[in-house]
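Walk through this structure with me, one element at a time. We begin inside a sheet, move out to the helices that cover it, and end where the two copies meet.

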Protein chains: 2
Amino acid sequence: MSDARRFVELQDPLRMYRGGKLPSVTIAYETWGKLRGRGDNALLLFTGLSPSAHAASSAVDPSPGWWEYMIGPGKSIDTERFFVIAINSLGSCFGSTGPASCNPMTGKPYRLDFPKLSVEDIVAAARHACRALGIDHVHTVAGSSLGGMDALAYAMMYPGTYRDIISISAAAQATPFAIALRSIQREAVRADPTWAGGNYAPDKGPKDGLRVARELGILTYRSAEEWLQRFDRERIEGADASADPFAMAFQVQSYMDANARKFADVFDANCFLYLSQAMDLFDMAEHGNGRLESAIRKVDAKRALVAGVTTDWLFPLWQQRQIAELLEHAGVAVSYHELESIQGHDAFLIDRERFAPMIAEFLAGMPDA
Amino acid sequence: MSDARRFVELQDPLRMYRGGKLPSVTIAYETWGKLRGRGDNALLLFTGLSPSAHAASSAVDPSPGWWEYMIGPGKSIDTERFFVIAINSLGSCFGSTGPASCNPMTGKPYRLDFPKLSVEDIVAAARHACRALGIDHVHTVAGSSLGGMDALAYAMMYPGTYRDIISISAAAQATPFAIALRSIQREAVRADPTWAGGNYAPDKGPKDGLRVARELGILTYRSAEEWLQRFDRERIEGADASADPFAMAFQVQSYMDANARKFADVFDANCFLYLSQAMDLFDMAEHGNGRLESAIRKVDAKRALVAGVTTDWLFPLWQQRQIAELLEHAGVAVSYHELESIQGHDAFLIDRERFAPMIAEFLAGMPDA
């Protein structure tokens, strides 16, 4: 399959937010549409923990992207008007520098020698990448989940370099519940002996641990209501005849298992650990002497779209309301939406009916207006 | 420490609900108070997945039991009036026959040769145990969580042998969400190579897998609100100095870890798998040609206390309402309570303030009245 990814090398070493530095950094990205000026029509898109920069199809790579319904000519994020640039996060394993990349100092993968990763580093690397590409100022910074944390951090760290922000199902700081949950996912990976303290051979990683971690991810990205409507207690045919007394018996198990295996086949375990922990550590209050209000005052967006989903129990509505209120107090014109979607945290990936019009309306008239 | 457990051998082999049989069955139990007649003042108590029959302290074993605040002289379940008998579930590992017990046919632990376990089997074994002890008819059958499923199943399977029922945070059938969650817990155990297809040596079980499974249990037994109030983003002192880049950093992690390790030290992994799967398989509708309404019509309780907790997302309120409505349609006088507790599914173990008066009121005047 052809690959629409491009790569940019940052000009300088990257000093990491919590110490250490990366001597050289590559950032993988994809773009759609045509750049005007130095970024007046640019929409900088951050991703969740697991996706690559392939957010949408293109002539070069016609395979559907993770936000296919949203991005393209005439779509809500209209690539006839916007130049969209999607970033593969620093620390990930789809082309950007991360724990699975070669450490130039040793000629071997970084593995756990990769410095501690923070949302701030993902954002700084993306900012440097944009500048290296001649994009000084963007129209909109957008993201969902980890990508929403990225968008908020970007807005706080680089005032004056963007106009609007879109924050979907994000958080101004990780909750103890989400920390606990991600912590269990990481324990599942680390408890797999194949992980070997991070020193597994490339492509020989702890797939069982990663599969368990991803099953838990899948569970938390959706809602109990959705499972009930979709699977109820539907059985897997013939399961009772299995010699394995704990063979999967219900369709919901089969769905989770299939999806988790796909993830475990393509995602690097150490990258997962680093990105997962970066989410736990995210706390905008660190930038405001312990106060979220002080930190968010640094945001100078003209407008913000803040949206959450009623059935999202990982990044619950109260956190979306909190973001909206903080931004309003900081003087940003906030468009706030609580979407009645059944798909939980992952709704933005699936629920076109609710998300597409909301984004289209927010971007309407822009950037031509 | 002295042990107040007693043991009863069932007189006959136990035919299991989903096939297979156990040639001999021991049931461990504890009692408090004095039995009157053949059970007129007996309260039969089923437990959740993990506890033993040690529900309360006694002269023989003064260590606090898992429902210490509830059971005792002058307490809500008043042992000066009631004879309380708590049952260690069939399939568990605290004295009752289970996968870790010796298979008399081989002289070795059953392990995965234990037949498939169902809630119906736990209940049948308890019923036979009671009869062997001369208890033909009980005043009240009670339980929470798995124990609540047991109480409902008992009421359905043995009409005419009890007067009232108490069902707390239970379910008439397992939801796909709960199935998914327990399925991940079981995968965490099975993915641990030490599990060895169930053939680990006694006391050399898959502690890492069991620890991950239990962490997930702990997470789901409480509420996100409770974590927020209790731990917020409080750090573990000195965590940043650890050489382990993924060392626990937050108090919530430390809490989960300590609790999960305790569980992994005492609970048998195969027993966990069997009991966990029994909960998934529980569906009262199987006893009513696929219809819950038909199944529950078999219940002939005089009165039922049905209670749930607002923050319980594992056995959510709609399932408690469903139980209450089904029982009402079956002609039972239902006392239904939605408790505003922050402790989620485990609230019955902790929230004395809300649970103790409710149970006391339900049992008031009984069995003397």
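Thr140(B) has Asp164(B) as its bridge partner in β12(B). This pair belongs to the ladder between strand β11 (residues 138-144) and strand β12 (residues 162-168) of chain B. Six bridges join the two strands, and they run parallel. The model is a predicted one.

Now widen the view to the whole sheet of chain B. Eight strands make an open sheet in the order β1-β4-β8-β5-β11-β12-β13-β14. The pairing is mixed. At the edges stand β1 (6-9) and β14 (333-339) of chain B, each of them paired on one side only. From one strand to the next, the twist averages 20°.

Two helices of chain B lie on this sheet. Helix α1 (residues 119-132) of chain B packs on it and touches β1, β4 (26-32), β5 (42-46) and β8 (83-87) of chain B. The direction of α1(B) makes about 150° with that of β5(B). Helix α2 (residues 146-157) of chain B lies across β5, β11 and β12 of chain B. The angle between α2(B) and β11(B) is about 145°. The ladder that we started from, between β11(B) and β12(B), thus has both of its strands under α2(B).

Turn to chain A. Its open sheet has eight strands in the order β1-β4-β8-β5-β11-β12-β13-β14, again with mixed pairing. Which strands stand at the edges of the sheet in chain A? They are β1 (6-9) and β14 (333-339). Each has a single partner strand, so one side of each is left without a neighbour in the sheet. Neighbouring strands are turned by 20° against each other on average, direction ignored.

Look at the β1 edge of chain A. There β1(A) pairs with strand β4 (residues 26-32) of chain A in the antiparallel sense, over four bridges. Within that pairing, Arg6(A) has Tyr29(A) as its bridge partner in β4(A). Helix α2 (residues 146-157) of chain A packs on the sheet as well. It touches β5 (42-45), β11 (138-144) and β12 (162-168) of chain A. Its direction makes about 145° with that of β11(A).

Next come the helix pairs. Two packed helices are described by the angle between their axes and the distance between the axes. Take helix α1 (residues 119-132) of chain A and α2(A): their axes come within 9 Å and cross at roughly 70°. The two helices are therefore roughly perpendicular to each other. The crossing is right-handed. From α1(A), the contact uses Val119(A), Glu120(A), Ile122(A), Val123(A) and Arg127(A). From α2(A), it uses Leu146(A), Met149(A), Asp150(A), Ala153(A), Tyr154(A) and Met157(A). Eight of these contact residues are nonpolar, none is polar and three are charged.

Another pair sits in chain B. Helix α3 (residues 176-190) and helix α7 (residues 269-281) of chain B pack at about 165°, their axes 10 Å apart. That makes α3(B) roughly antiparallel to α7(B). Here the crossing is left-handed. The residues in contact include Ile179(B), Arg182(B) and Arg186(B) of α3(B), and Phe272(B), Leu273(B) and Asp280(B) of α7(B). The contact divides into seven nonpolar, three polar and four charged residues.

Finally, cross between the chains. Helix α3 (residues 176-190) of chain A packs against helix α6 (residues 251-266) of chain B at about 55°, with the axes 9 Å apart. This makes α3(A) oblique to α6(B). The crossing is right-handed. On the α3(A) side the contact is made by Pro176(A), Ile179(A), Ala180(A), Ser183(A), Ile184(A) and Arg186(A). On the α6(B) side it is made by Val252(B), Gln253(B) and Met256(B). Six of these residues are nonpolar, two polar and one charged.

How are the two copies related? A turn of 180° and a shift of 0.0 Å along the axis lay chain A on chain B with an RMSD of 0.0 Å. That is the relation of a two-fold axis. The interface follows suit: 100% of the interface residues of chain A are also interface residues in chain B, so the copies meet through the same surface.

Notes: Residues are numbered from 1 along each chain as its sequence is written. Chains are lettered from A and ligands numbered from 1 in the order in which they are written. This is a predicted model: local features need pLDDT of at least 70, side-chain atom pairs count only at pLDDT 80 or more; totals for chains, interfaces and linings use all residues. Side-chain values use heavy atoms; hydrogens and water are left out. Copies are superposed by least squares on the C-alpha atoms of residues with pLDDT of at least 70 in both. Contact means heavy atoms within 4.5 Å. Axes are lines fitted to C-alpha atoms, for helices over the stretch in contact, and angles run from 0 to 180 degrees between N-to-C directions. Angles under 35 degrees count as roughly parallel, over 145 as roughly antiparallel, 65 to 115 as roughly perpendicular and the rest as oblique. A crossing is left-handed if the near helix is turned anticlockwise from the far one by less than a right angle, and right-handed if clockwise. Ala, Val, Leu, Ile, Met, Phe, Trp, Tyr, Cys and Pro count as nonpolar, Asp, Glu, Lys and Arg as charged, and the others, Gly among them, as polar. Two strands pair if DSSP finds at least two bridges between them.
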